[in-house]
Each structure stands twice: as C-alpha cells, then as structure tokens.
Amino acid sequence: MMDLLFTVDWYKVFTPSMSITELFVRGSLVYLMLFAILRFLPNRQIGTVGISDLLVVVLFAEAAQNAMASNYTAITDGAILVGTIILWSYSLNWLGYKFPRFQRFLSPPPTPLVVNGRILRENMAEQLITQDELMSILRKQGVQKLNEVKLAFMESDGHISVITHSPVSVILPDMKERESDPS
C-alpha cells in the first residue's frame, strides 16, 4: 500500500511517449489549423484578444492539463507541446512585424460599418452586427445620432472604433465649477 503512495517511475515521468519530432508536428498542425479557422471567423466572435493570444491560452491549458493529469505518459510531452505553441506564436508575431503583407493575413483589416452617417449593411451582416447593437455601442461612445458619425470600424480585435464629425467634448463636474468661479 505504501508503495502506491510514494513510488514514482521517474523514467516514465520524463521520457517522451512518442518522438519529439512527432510531438512538434502534431502541435504545429493543431496550432496552425486552429489559427486558420479562427482567423476567418467574424471578428466579434473572437472578443477582445488577438487570435494568437487566444490560441496560446487555450492550447497552453490543454497541454499543461494533459501533462499534469498523465494523459501523456511524460511531462516532457507537455513541455514539448507548450514549447511548440510558444514557437509558433512568437514566429507568427515576428513575421507579422517584419512583413506587413503577412500582418494583413494575421490581423484582418478594419471593416467599415458606418461612413458619413450611412450604415454599410453588407459589412454589418458580414460581421454579424445588428443595427441595435451598433447603436448601443455608438451611444456608449457619446454619439446620439447616426449622422454624427463620420466613420465607424469593426477592428480586428472585435472592438468598434468611432470617429465623429465633431469631437465629443466632455466636461467634468469640477471643471464646470472652476470655469464659473472667477478666483
């Protein structure tokens, strides 16, 4: 009974269960496949993190969980997969930094949703944004009427950026008091 509690097969813990090359190829294929699938989803489905960041978090969790719960026979398997994920994440970010054309593949360009107060319905449908959702976002940014919007874009991270015809001025309560106080 005590043997079951305190015996560790150190060879099994640290010796990979399959070749390092196979682990690297498997990790690479899964990462790149998921990256390609997520890259072509509508932006709003991804949320506020980049595709690469999302994949790193999800795949890290999976690789680490498998290594901890012994779904792999060795911790080394999980470490190799985590290293593969880091390598691909860094490599894709580096390629995007060095080559602007590649960056356009990694991050979709902003999609215009409103131009000069006019909604671009085809782009809204492509991004799965309803007019009610758009108006809610515009109100949160201080826009009361659609004709105040010069441009509104769906950014690659899922946020909507808004440029109005005239800048929205915000006066804080204590600033009003200072303006009216002659001292």
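This passage describes the fold of a predicted model, from its overall layout to selected helices, cores and loops.

In the predicted model, the chain contains nine helices and four strands. When these elements are read along the sequence, they follow the pattern α-α-α-α-α-α-β-β-α-α-β-β-α. Of the 183 residues in the chain, 29% are buried. Among the contacts with a separation of 6 or more, 59% are accounted for by residues that lie 24 or more positions apart.

One of the helix pairs is formed by α3, which covers residues 20–39, and α5, which covers residues 75–98; the two pack at an angle of about 45°, and their axes are 9 Å apart. The two helices are therefore oblique to each other, since an angle that is neither under 35 degrees, nor over 145, nor from 65 to 115 is placed in that class. The crossing in which α3 passes α5 is right-handed. On the side of α3, the contact is made by I20, L23, F24, G27, S28, Y31, L32 and F35, while α5 contributes D77, I80, L81, T84, I85, L87, W88, S89 and L92. Sorted by class, the residues in this contact of α3 with α5 comprise 12 nonpolar, four polar and one charged.

Within this contact, T84 may be considered individually, as a residue of helix α5. T84 has a relative accessibility of 2% and therefore counts as buried, the limit for this class being under 20% relative accessible area. If residues up to four places away in sequence are left aside, T84 touches F24, G27 and S28, and these three residues are also listed among those through which α3 meets α5. Another residue of helix α5 is N93, which, with a relative accessible area of 42%, is partly exposed. The C-alpha atoms of N93 and Q103 are separated by 8.1 Å, although the two residues stand 10 residues apart along the chain.

The nonpolar cores are considered next. In soluble globular proteins, nonpolar side chains tend to be buried together. The largest nonpolar core in the model has 15 residues, and those with the most contacts inside it are L113, V114, L134, L138, V149, I160 and V162. At least two residues of this core are supplied by each of four elements, namely β1 (111–115), α8 (131–140), β3 (149–154) and β4 (160–164). With residues up to four places away in sequence not counted, L113 touches R118, I119, L120, N123, M124, Q127, L134, A152, F153, M154 and I160; of these, L134 and I160 are also named among the core residues with the most contacts. A second core, separate from the largest one, consists of nine residues and includes F35, I85, L92 and L106. F35 of α3 and I85 and L92 of α5 also take part in the contact between those two helices.

Several loop residues complete the description. I129 is found in the loop between α7 (121–126) and α8, and it is buried, with a relative accessible area of 9%. I129 and L113 are 16 residues apart in sequence, whereas the distance between their C-alpha atoms in space is 9.1 Å. The loop between α7 and α8 also holds L128, which is partly exposed, with a relative accessible area of 45%.

The backbone of two loop residues also deserves a remark. Most residues other than glycine have a negative phi. L128, although not a glycine, has a positive phi of about 60°. N116, which is likewise not a glycine, has a positive phi of about 50°. The place of N116 is in the loop between β1 and β2 (118–119), where N116 is exposed, with a relative accessible area of 53%.

Key:
Residues numbered from 1 in each chain as written. Predicted model: local features only at pLDDT ≥ 70, side-chain atom pairs only at ≥ 80, totals over all residues. Heavy atoms only, no water. Axes fitted to C-alpha atoms, helices over the stretch in contact; angles between N-to-C directions. Left-handed = near helix turned anticlockwise from the far one by under 90°. Contact = heavy atoms within 4.5 Å. Nonpolar A, V, L, I, M, F, W, Y, C, P; charged D, E, K, R; others polar. Core = buried A, V, L, I, M, F, W, Y, C linked by side-chain atoms within 4.5 Å. Buried < 20%, exposed > 50% of the residue type's maximum accessible area, 1.4 Å probe, protein only.
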